[in-house]
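Me: I have a model open and would like to learn to read its side-chain features. Can we go through them one at a time?

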Amino acid sequence: MPLNTKGKKIMKSMKKQYGKKKGEQVFYASLNKKKIKGADLVNKDHPQVVEIWNLVFIQYNRKKDGSLIKLDKQYVDTGMGLERLCMALQKKESTYDTDLFEDIIKKIEDISNKKYLSGDENIDIAIRVISDHIRALVFTISDGQIPSNNGPGYVIRRILRRAIRYGYTNLNIKTPFIYELVDVVISQYLTIYPDLKNQSEYITSLIHEEEKGFLKTLNQGLSLINQIIESNPNEKKISGEDSFRLYDTYGFPIDLTSLIASENDFQVDIDGFNEHMKVQKSRSKSTSNEEVKEWLIVNESSSINLFKG
């Protein structure tokens, strides 16, 4: 999709005011007005240089055999990041400082009685993680994906449990609270996604129940991790057996265990964890292959089938 005249003017203005262009990538440099050569910063992992627009020129269709067939119409895919663009236009140092996150962060502050950017890095990290994760949860659940122990559903559950743990540990919130953020997200995006309104109650209820379930075992799991860390000051490693126990008994996803371990300069025996997972899956598969028994007829004379939900 070629840029129109207005689009070209915007691009020209952005490149002049905010950053440098290298190839097809537009970068925004927030350098407190210090003059630094752009070529020395782009693609150098500088913390204040962020890619906001990556243009992809679509020209060919790649076949299974690897051959390229030229498309009848070529176009440009403008891979612009909304949060990063807002950061540049609003002249902020972080995407979380933009108005896209303002209302969510304010709500978390109210619930936790903690202040964002007050000098405590642990509080800041927790608020950023939660404000990011709640948006992902609202939209994925609204699209039909629900937390579960399998496939994409487990990704959703892991995201939610990671947010719960940050609230529990860093913000000292010991009761369900993330569900209270749902309406904030929905109200912010309602004009763009009006269907969210009809799902508000369902999304809120689902997240609330997930929170209550995980909080029942979270404290016990954290206590176990603390015991492991305190008893292994030299080895600095959580065994595959312990990490699997955290997963199987306390509902700790392996990435959550790894995160907590890294915060304490520990490692996790991922290979050992995977071995225990294989054993469990093999056991489950064996159970599922057992002989399926016939239906038990409760009332043979009944001819009415009434589904009551």
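Reply: Start with salt bridges. A salt bridge is a side-chain nitrogen of Lys or Arg within 4 Å of a carboxyl oxygen of Asp or Glu. Arg-158 and Asp-255 fit that description, with their closest N and O atoms 3.1 Å apart. Arg-158 belongs to helix H5 and Asp-255 to helix H9 (residues 254-263), so this pair ties together parts that are 97 residues apart in sequence. Helices here are DSSP runs of H or I with at least four residues, strands are E runs with at least two, and both are numbered from the N terminus.

Me: What kind of model is this, and how are residues numbered?

Reply: This is a predicted model: local features need pLDDT of at least 70, side-chain atom pairs count only at pLDDT 80 or more, and totals for chains, interfaces and linings use all residues. Residues are numbered from 1 along each chain as its sequence is written, and side-chain values use heavy atoms, with hydrogens and water left out.

Me: How many helices and strands does the protein have?

Reply: Ten helices and six strands.

Me: Back to Arg-158 and Asp-255. How do I read their exposure?

Reply: Use relative accessible area: buried is under 20%, exposed is over 50%, and partly exposed is in between (1.4 Å probe, protein chains only). Arg-158 comes out at 30%, partly exposed. Asp-255 is partly exposed too, at 32%. Across the protein, buried residues make up 36% of the 309 residues.

Me: How many salt bridges are there in the whole structure?

Reply: A search finds eight. One of them joins Glu-210 to Arg-157, with closest N and O atoms 2.7 Å apart. Glu-210 sits in helix H7 (residues 196-231) and Arg-157 in helix H5 (residues 151-170), so the pair links parts 53 residues apart in sequence. Both Glu-210 and Arg-157 are buried.

Me: Where do Lys-212 and Glu-209 lie?

Reply: Both are in helix H7, three residues apart, about one turn of the helix. They form a salt bridge, the closest N and O atoms being 3.0 Å apart. Lys-212 is partly exposed at 33%. Glu-209 is partly exposed at 45%.

Me: Now the rings. What makes an aromatic pair?

Reply: Rings of Phe, Tyr and Trp (its six-membered ring) pair if their centres lie within 6.5 Å; planes under 30 degrees apart are stacked, over 60 edge-to-face, and the rest tilted. The structure holds eight such pairs. In one, the rings of Tyr-96 and Phe-101 have centres 4.7 Å apart and planes at 45°, so the pair is tilted. Phe-101 is buried, with a relative accessible area of 1%.

Me: Which residues form an aromatic cluster?

Reply: Tyr-154, Phe-244, Tyr-247 and Phe-273 form one. Within it, Phe-244 and Tyr-247 have ring centres 6.0 Å apart and planes at 40°, so that pair is tilted. Phe-244 and Tyr-247 both lie in helix H8 (residues 240-250), three residues apart. Both are buried.

Me: What about a charge over a ring?

Reply: It counts if NZ of Lys or CZ of Arg is within 6 Å of the ring centre and within 35 degrees of the ring normal. The charged end of Lys-174 sits over the ring of Tyr-168, 3.7 Å from its centre. Arg-165 lies over the face of Tyr-166, at 5.3 Å from the ring centre.
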